[in-house]
Amino acid sequence: MTTALAVDLGSASGRVIAGTILDGRLEVEEIHRFKHQATRDDSGSLIWDVDTMWEQTLEGLKKAVARFPDAVCVSVDTWGVDFVPLDAKGERCGAARAYRDERTTRTLKAFRSRIDDRSFFEMSGNQPATINTANQLFAFTIEDPELAERTESVLFLPDYFAWKLTGVKGWSRSIASTSGLCVPGASRFNDDMFARLGIPRSWFGELNDDLSIVGPCTVPGLEGLSVVRGGAHDSACAVHGLPIDEGVRAYFLSCGSWSVLGALEDHALISDAAYELGVTNESRTDGGVRPLFNITGMWILQEIQRQWEREGTPTDTDELVAQARECAPCTAFFDPDDPRFAEPGEMREKIDSALDEQGAPHPSSMPEYVRLIIESFARRYARAIDELSEVTGTRPEQLNLVGGGARNRLLCDLTASISGVTVIRGPIEASTLGSLIAQLETLGHLDPAQRSAFIAKTAKTHVHAPSKP
């Protein structure tokens, strides 16, 4: 048996997962889970508790090795853009700031005086945003000059934990592609970006490809593990864990409270249409590019359920969706992108107001509201596929849908029918599966050409072919 371990660190929780090859498939088991969150320090800055994240990661890995003494490798993935600055002794220079810390808003005007929004997109392939690493490091140099002066190197979060495990510093391409510090497609760092923003280029080395080995783990008790770059960015891992056959044109939709639609390309998309659509170009674990953009997710359904529960009516999502399937198809819809739906509270009244503007009747029951919400989402997703197809120049043959929305079969059915594109639902836990598979490919335990078939044997997926709603 061969076992790989995945450390998956989200912005609210972390997990250690084991995956063992058995009978041509991967047997996946969660070993350890913990919660964490960004908090305010004494100065009011929003920071990550990276010490707790590290301690819990070690606890989970030691549990995993005790459970699977044959484990051969581990990889760490996190969300994008955040980082840890280190001094010459390897000590942190201040706290690890969270991407929503307000310092980037305070320094945005000065940032734009160096690089305007359109130039930033053309130079990096990323959409301008205050959360970008480029914005954060610019703010770091402006607001914390003493800490910046002490800084010798800057590591993205997953690379920081890989360094803690091995003593080897590196800069993984997939996570660096979220930073705004690379050229479009993230084949290398963009030296001109550093120069224009006044960020020391010496803080970063050269990019390291994913699907490579960082080094042997040096933590006592974990020396049997090789630390692998199995996709440092969680979204890159998720795409690597999708069942897409060779030669098939596919888009992917990560559907949760908010959603991301993307394509698989060889090169970054840098055009007027891409910029206007909000496309940002991030890299894939296998070396390609993921042009993607944000669209509305299942927040509206979640919020109306919270409203019903506040009003004293318990809700069960699966039961409501099953009842919604029996409702008649809707004749009027609302636009989930309408700004009113981005704010919490009184979601039923907001939907009613949107229908009133069309002279359309209100739903008469909870299942009818759910049907309306799901149909409106499906139409938005279909429109998003059309929009991305205009930018890429090619429509997809299939849409791989992952995340919480993959549990909603009605959403998948309607998205397939309205878009005319076959929807492959699942795997729901694509990010950890992608990390595990990438590690096994890197070490030669799995043939990359067999990835799709291996995923199909491992994970639950379902095909939703287009038909009349």
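Modeller: Two strands pair if DSSP finds at least two bridges between them. Strands (E, at least two residues) and helices (H or I, at least four) are DSSP runs, numbered from the N terminus. This is a predicted model, where local features need pLDDT of at least 70, side-chain atom pairs count only at pLDDT 80 or more, and totals for chains, interfaces and linings use all residues. Residues are numbered from 1 along each chain as its sequence is written, and side-chain values use heavy atoms, without hydrogens and water.

Biologist: In what order do the strands of the open sheet run?

Modeller: The sheet holds 7 strands. Their pairing is mixed. The order is β14-β15-β13-β12-β16-β17-β18.

Biologist: Which are the edge strands?

Modeller: Look for strands that pair on one side only. One covers residues 280-283, the other 462-464. They are β14 and β18.

Biologist: Which residue in β15 stands opposite E282?

Modeller: β14, residues 280-283, pairs with β15, residues 289-296, in the antiparallel sense. That pairing runs over 4 bridges. Opposite E282 stands R290.

Biologist: What is the average twist from one strand to the next?

Modeller: Axes are lines fitted to C-alpha atoms, for helices over the stretch in contact (heavy atoms within 4.5 Å), and angles run from 0 to 180 degrees between N-to-C directions. For this sheet, the strand-to-strand twist averages 30 degrees.

Biologist: At about what angle does helix α15 run to β15?

Modeller: Helix α15 spans residues 366-392. It lies across β12 (250-255), β13 (258-263), β15 and β16 (398-402). Relative to β15, α15 runs at about 145 degrees.
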